[in-house]
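Subject: Structure handover

Hello,

Here is the structure I promised to pass on. Please open it first, then read my notes below.

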Amino acid sequence: MAPSCTHCQKSPPEVVLRRCAKCSATPYCSRDCQKADWKVHKKICGRQASGAAPSSRRPGAATLSPPKGVERGVAFPFSRLDNDTWLHDRPEKDVYGLLIDAYRLRVEDMCSFEGEVDADGIYGGADNGLPGFQRFLARVASCPGLLPPWWNDAKKRDCEALGMEPAQWYDLGCAVEKSDIIENYGDPQFPMQLRMFAERVYGRAPGGTNGAPMRQMMVAMEQGAARDMQTSLLDVSASVGRL
């Protein structure tokens, strides 16, 4: 049986389904449906989250991030951000999607935190954010080493084409917020990764914050230098403003 929204029972292609960010199991077509179903879902959400935890992982094996929403996650993402290889060694579609989401979250942040919008973007009333995304890609290309070695003009066009496909997650005609990113990728720290990548591209974070100290802390944790720090129940992005 094809999957359908747990609350309204609609299924693709009529709607786009996303799974509960906590349990990564229960599908919904919108936050409204998820909220409407919460009284029922909260009774089983924790049990499903526990059941979804990988039991066969080797002791000491690195966790791949993000756990969903991509073809393949990567180990040590903050170390990759620190050495400019965050987009390297990933499937092509994952690279395209991460570029789109880094741009979309940056646009949302600039609107929310600085009131800055592009006249030719969706926050300025345009149908899609393609012109702004093209400018973003040009900035990424101007940063040596950020893009994978296989990137070229043809791949750039493929990336732009993905963003112009309607009714799918990477639609440049749709805005995203931090909560949407967490829900789609199942990783509360993934917005931080996207924001740190965009900060590298633009040279600053929205509001003038500096993500370097947080990035270095996350790198140290990945390398085992801060193994005693407890972060599993904390959204560490809150400790440095908007990262």
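R104 lies over the face of W169, at 5.2 Å from the ring centre. A second arginine does something similar: the charged end of R90 sits over the ring of W86, 5.1 Å from its centre. Keep in mind that this is a predicted model.

Both tryptophans belong to one cluster. Ring pairs link W86 and W169 with Y185, F190 and F197.

**Aromatic pairs**

The count comes to 11 aromatic pairs. Take W86 and F190: their ring centres are 6.3 Å apart and their planes stand at 35 degrees, so this pair is tilted. Stacked would need planes under 30 degrees apart, and edge-to-face over 60. Which parts of the chain does this pair tie together? W86 lies in the loop between helix 2 (77–82) and helix 3 (92–114), while F190 is in helix 7 (residues 190–202), so the pair joins parts that are 104 residues apart in sequence.

F190 also pairs with Y185. That pair is tilted too, at 4.5 Å centre to centre and 40 degrees between the planes.

Are these three residues buried or exposed? W86 has 2% relative accessibility and counts as buried. F190 is buried at 0%. Y185 is buried, also at 0%.

**Helix 3 against helix 7**

Two packed helices are described by the angle between their axes and the distance between the axes. Here the axes of helix 3 and helix 7 come within 9 Å and cross at roughly 85 degrees. Helix 3 is therefore roughly perpendicular to helix 7.

Which residues of the two helices meet? From helix 3 come L98, L99, D101, A102, Y103, L105, R106 and D109. From helix 7 come F190, P191, L194, R195, F197, A198, E199 and Y202. By class, this contact has 11 nonpolar, no polar and five charged residues. Two names recur from the ring cluster: F190 and F197 are members of that cluster and take part in this helix contact.

**The chain as a whole**

The chain has eight helices and two strands. From the N terminus on, the order is β-β-α-α-α-α-α-α-α-α. Of its 243 residues, 43% count as buried. Take the contacts with a separation of 6 or more: residues 24 or more positions apart account for 63% of them.

**Two residues in other helices**

L137 is in helix 4 (residues 130–141). L137 is buried, with a relative accessible area of 3%. What does L137 touch, not counting residues up to four places away in sequence? The partners are L99, W151, K156 and E160. L99 is 38 residues from L137 in sequence, and their C-alpha atoms are 7.9 Å apart. L99 is also among the helix 3 residues that meet helix 7.

D158 is in helix 5 (residues 153–163). At 40% relative accessibility, D158 counts as partly exposed. The C-alpha atoms of D158 and Y96 are separated by 8.0 Å, though these residues are 62 apart along the chain.

**Backbone points to check by eye**

Where are the cis peptide bonds listed here?

- P12 and P13 are joined by a cis bond, with omega at about 5 degrees. P13 is in the segment before strand 1 (18–19).
- S65 and P66 are joined by a cis bond, with omega at about -5 degrees. P66 is in the loop between helix 1 (31–52) and helix 2.

Positive phi values in residues other than glycine come next.

- Q9 has phi near 70 degrees. Q9 is in the segment before strand 1, where P13 is also placed.
- D89 has phi near 60 degrees. D89 lies in the loop between helix 2 and helix 3, which also holds W86. D89 is exposed at 60%, whereas W86 is buried at 2%.

If you look at one place to begin with, take F190. F190 is buried, pairs with W86 and with Y185, and meets helix 3 from helix 7.

Best wishes

Note on methods:
Residues numbered from 1 in each chain as written. Predicted model: local features only at pLDDT ≥ 70, side-chain atom pairs only at ≥ 80, totals over all residues. Heavy atoms only, no water. Phe/Tyr/Trp six-rings, centres within 6.5 Å; stacked < 30°, edge-to-face > 60°. Helix = DSSP H or I, 4+ residues; strand = E, 2+ residues; numbered from the N terminus. Buried < 20%, exposed > 50% of the residue type's maximum accessible area, 1.4 Å probe, protein only. Lys NZ or Arg CZ within 6 Å of the ring centre and 35° of its normal. Axes fitted to C-alpha atoms, helices over the stretch in contact; angles between N-to-C directions. Parallel < 35°, antiparallel > 145°, perpendicular 65-115°, else oblique. Contact = heavy atoms within 4.5 Å. Nonpolar A, V, L, I, M, F, W, Y, C, P; charged D, E, K, R; others polar.
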